[in-house]
Amino acid sequence: MTRSKDLPKTSSESLSDAELAQQPIAYWTHVAHTEVLAFIRRELAKLGLSQPQYWTLRHLSVNDLSADGAGRTVEELTAAMLDYLAPQDDLVPDTEDLVVRGFLSRDDTGRLTITEAGEAAHARVKSHVPALRARIHEGIDDTDYATTVKVLRRMMRNVGSGSAG
């Protein structure tokens with residue numbers, strides 16, 4: 001059984017480089033993922049969209065990820081977002097809400113397309129993304145950030161991940 005003294009120290013505690021080097025990476029990457037994702041989702045909610053709804057608008061907008069604006073079904077959208085949807089995310093109610101709000105339209109085959117109101121909502125929220133990124137990166141210079149990403153990618157390669165690029 002793990003004793004409390006064996007658990008990682010919180011970020012509010014001062015750790016030496018030697019102590020930091022002994023911290024469990026899986027714990028800290030999990031905590032970072034959870035905290036950053038919660039922050040992003042809270043901020044997007046303040047702007048009137050869930051994160052999956054914003055992703056949906058991105059995937060349907062020709063001004064973002066849609067090459068042709070032809071629209072997609074919920075199943076196609078789910079497949080496109082599979083790598084980053086959280087287990088609790090469900091695009092069925094999220095897209096239905098966007099239809100009700102007039103941000104999406106649905107044809108007889110279930111294909112969803114973004115409306116003018118949806119494009120406006122997408123653009124409004126997207127304009128806030130740089131400020132969210134800046135807040136997350138506050139106090140972290142680009143060199144330190146790049147080093148962190150390189151280290152994480154190396155660790156992924158070390159454990160046989162094909163996602164490390």
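Half of the story here is long-range: 50% of the contacts in the protein with a separation of 6 or more join residues 24 or more positions apart. Keep in mind that this is a predicted model. Here's a quick tour of its overall build, its main nonpolar core, its largest pocket and one valine in that pocket's lining.

**Overall build**

- You're looking at eight helices and two strands, and from the N terminus on they come in the order α-α-α-α-α-β-β-α-α-α.
- The radius of gyration is 20 Å, whereas a compact globule of 165 residues would come in near 15 Å.
- Along the principal axes, the C-alpha atoms take up a box of roughly 60 × 35 × 30 Å.
- As for burial, 27% of the 165 residues count as buried.

**The largest nonpolar core**

- This core holds 21 residues, and Leu49, Leu57 and Leu104 have the most contacts inside it.
- Two or more core residues come from each of α2 (25–46), α3 (51–60), α4 (74–80), α5 (91–100), β2 (112–114) and α6 (116–126).
- The top contributor is α3, which puts in four residues.
- If you want one residue to click on, try Leu49: setting aside neighbours within four places in sequence, leucine 49 is in contact with Leu44, Tyr54, Leu57, Leu98, Arg101, Phe103 and Val125.

**The largest pocket**

- The largest pocket encloses about 1,700 Å³ of space.
- Its lining is made up of 43 residues, and those nearest the pocket's centre are Ala32, His33, Val36, Tyr145 and Leu152.
- Sorted by class, that lining comes out as 25 nonpolar, 10 polar and eight charged residues.
- Helices α2, α3, α7 (129–137) and α8 (142–158) each bring at least two residues to the lining.
- Helix α2 gives the most, with 11 lining residues.
- Both α2 and α3 turn up twice in this briefing, since they supply residues to the core and to the pocket lining.

**A closer look at Val36**

- Valine 36 sits in helix α2, and it is one of the residues nearest the centre of the largest pocket.
- Is valine 36 buried, partly exposed or exposed? Its relative accessibility is 33%, so it counts as partly exposed, given that buried means under 20% and exposed means over 50%.
- For a sense of distance, valine 36 and alanine 67 are 31 residues apart in sequence, and their C-alpha atoms are 29 Å apart in space.

Conventions: Residues numbered from 1 in each chain as written. Predicted model: local features only at pLDDT ≥ 70, side-chain atom pairs only at ≥ 80, totals over all residues. Heavy atoms only, no water. Core = buried A, V, L, I, M, F, W, Y, C linked by side-chain atoms within 4.5 Å. Buried < 20%, exposed > 50% of the residue type's maximum accessible area, 1.4 Å probe, protein only. Contact = heavy atoms within 4.5 Å. 1 Å grid on protein atoms, 1.4 Å probe; cavity = no way out; pocket = protein on both sides within 12 Å on 5 of 7 lines; lining within 4 Å. Points joined across faces, edges and corners; volume = space filled by probe spheres on them. Nonpolar A, V, L, I, M, F, W, Y, C, P; charged D, E, K, R; others polar. Rg over C-alpha atoms; globule rule 2.2 N^0.38 Å.
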